[in-house]
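I opened a fresh notebook page for this one. Here is what I looked up, entry by entry, for anyone who wants to follow along.

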Amino acid sequence: MPSFASVVDTLMDRTVAPGYTRLGPAVRRHLSTWPADPPPDALAGKRALVTGASSGLGIATAEGLAALGAEVVLVVRDTDKGAAVVREVQGRLPLARLDVQRCDLADLGDVRRFVATADDHVDVLVHNAGAMPPTRTESPQGHEMTMALHVLAPVLMTELMGERLRDGRVVLVTSGGMYGQRLRADDPEYLDGDYSPTTAYARSKRAQVELLPVLQRRWAGLGLDVHATHPGWADTPGVAESLPTFRKLTGPLLRDAAGGADTTVWLSAVAPAPEGGRLWHDRRPRPTHLLRRTRIGVEERDRMWAWVAAQLGL
């Protein structure tokens with residue numbers, strides 16, 4: 001029989017707003033199901049890469065990993081903004097070991113260049129970079145932008161790193177918005193119908209989650225654990241820019257960036273490593289579907305993977 005704490009946690013998750021807002025961790029931290037924090041030196045001697053680490057969740061993730069002793073590389077498109085983040089974080093954590101490296105995650109050619117020039121071992125790779133263009137936008141390779149940033153680039157970067165990631169952890173930062181969308185293996189580039197930025201974003205995040213078991217199996221030989229986390233409703237620059245009405249309505253209840261990044265940091269550092277191939281929120285594995293209409297079969301997942309592999313030449 002589920003414990004009282006488990007019932008409360010699950011009820012908050014299924015009713016969405018109580019679990020996704022700042023109330024979620026405020027309540028869950030007092031439940032017996034809340035896991036302990038990693039020790040302060042959990043990542044001492046480890047090296048972590050965080051993409052999109054120049055704002056919002058990316059900054060909070062980089063700072064959280066650095067606070068646990070990791071050497072953190074901020075993988076950003078704008079190195080000046082990255083340098084400003086380093087100064088900001090080191091103002092709070094003077095001993096933090098931070099570096100900045102440039103990579104435009106929307107450009108698969110630049111992803112290849114970045115990996116080719118990075119030869120150090122990586123213990124933690126956090127795929128946080130993302131965007132929600134207001135109109136349908138294509139990457140330099142002609143892919144719809146959210147699919148390029150959220151699916152193709154993370155898979156390619158992880159694949160190319162190969163042995164440099166052996167026995168490491170990979171975390172995809174996804175979104176609770178994906179719960180409203182079904183995998184569209186039939187239209188991954190969003191060529192059909194009227195384009196909606198929120199729908200495109202959620203579709204790409206759905207693809208991340210649906211591909212988790214595929215990626216876990218694919219990289220098992222490297223000893224990699226692949227996880228996805230969704231941050232709940234966090235007050236980030238991306239939300240302010242892309243969802244101003246949502247932010248206005250929910251502002252007082254939104255989590256801060258650190259609250260949104262908590263599970264990403266926890267998954268990167270907790271020992272022993274949790275089982276891979278699952279979706280997490282507030283330090284617990286969560287269902288990948290809440291609605292019957294979003295459920296798919298193995299054939300659709302395989303079709304989506306076949307498309308990804310073909311675009312990347314895998």
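**Around Thr146**

I began with the contacts of one residue, keeping in mind that this is a predicted model. Leaving aside neighbours within four places in sequence, Thr146 touches Ala131, Pro133, Val151, Tyr195, Ala200, Tyr201 and Ser204. I placed Thr146 in helix H7, which covers residues 145-161. Is Thr146 buried or exposed? Its relative accessible area is 0%, so I noted Thr146 as buried. I also looked for a partner of its side chain and found the backbone oxygen of Ala200, at 3.3 Å.

**Across to Ser204**

Next I followed one of those contacts, Ser204, which sits in helix H8 (residues 197-210). The relative accessible area of Ser204 is 0%, so it too goes down as buried. With neighbours within four places in sequence set aside, Ser204 is in contact with Thr146, Met147, His150 and Val151. I then checked a pair along the chain: Ser204 and Arg169 are 35 residues apart in sequence, and their C-alpha atoms are 21 Å apart in space.

**The sheet**

I turned to the strands. In what order do the eight strands form the sheet? I read the order as E3-E2-E1-E4-E5-E6-E7-E8, in an open sheet with mixed pairing. The edge strands are E3 (97-102) and E8 (284-286), each of which pairs on one side only. Direction ignored, neighbouring strands of this sheet are turned by 30° against each other on average.

At the E3 edge I looked at the link to strand E2 (residues 71-76): E2 and E3 run parallel and are joined by six bridges. One entry for the record is Glu71, whose bridge partner in E3 is Arg97.

I also checked how H7 sits on the strands. Helix H7 lies across E1 (47-51), E4 (124-127) and E5 (169-173), and runs at about 165° to E4.

**Helix H4**

I tested the length of H4 (residues 56-67). At 1.5 Å a residue, its 12 residues should span 16 Å, and the end C-alpha atoms are 17 Å apart, so the two values agree. How many of the 12 residues of H4 are buried? I counted 11, so I wrote the helix down as mostly covered. Among the buried residues are Leu57, Ile59, Thr61, Glu63 and Leu65. After H4 comes Gly69, with a positive phi near 100°.

**Backbone oddities**

I finished with the loops. Asp167 is in the loop between H7 and E5. Its phi is near 60°, a positive value in a residue other than glycine. Asp167 has a relative accessible area of 59%; exposed means over 50%, so Asp167 is exposed.

Arg283, in the loop between E7 and E8, also has a positive phi, about 65°, although it is not a glycine. Is Arg283 buried or exposed? Its relative accessibility is 4%, and the cut-off for buried is under 20%, so Arg283 counts as buried.

My last stop was a peptide bond: the one from Ala271 to Pro272 is cis, with omega near -5°. I found Pro272 in the loop between helix H12 (257-269) and strand E7 (278-281).

Note on methods: Residues are numbered from 1 along each chain as its sequence is written. This is a predicted model: local features need pLDDT of at least 70, side-chain atom pairs count only at pLDDT 80 or more; totals for chains, interfaces and linings use all residues. Side-chain values use heavy atoms; hydrogens and water are left out. Helices (H or I, at least four residues) and strands (E, at least two) are DSSP runs, numbered from the N terminus. Buried means under 20% relative accessible area, exposed over 50%, partly exposed in between (1.4 Å probe, protein chains only). A polar contact is a pair of N or O atoms within 3.5 Å; within protein, one must be able to donate a hydrogen and the other to accept it, and residues adjacent in sequence count only if both atoms are side-chain atoms. Contact means heavy atoms within 4.5 Å. The expected span of a helix is 1.5 Å times one less than its number of residues. Two strands pair if DSSP finds at least two bridges between them. Axes are lines fitted to C-alpha atoms, for helices over the stretch in contact, and angles run from 0 to 180 degrees between N-to-C directions.
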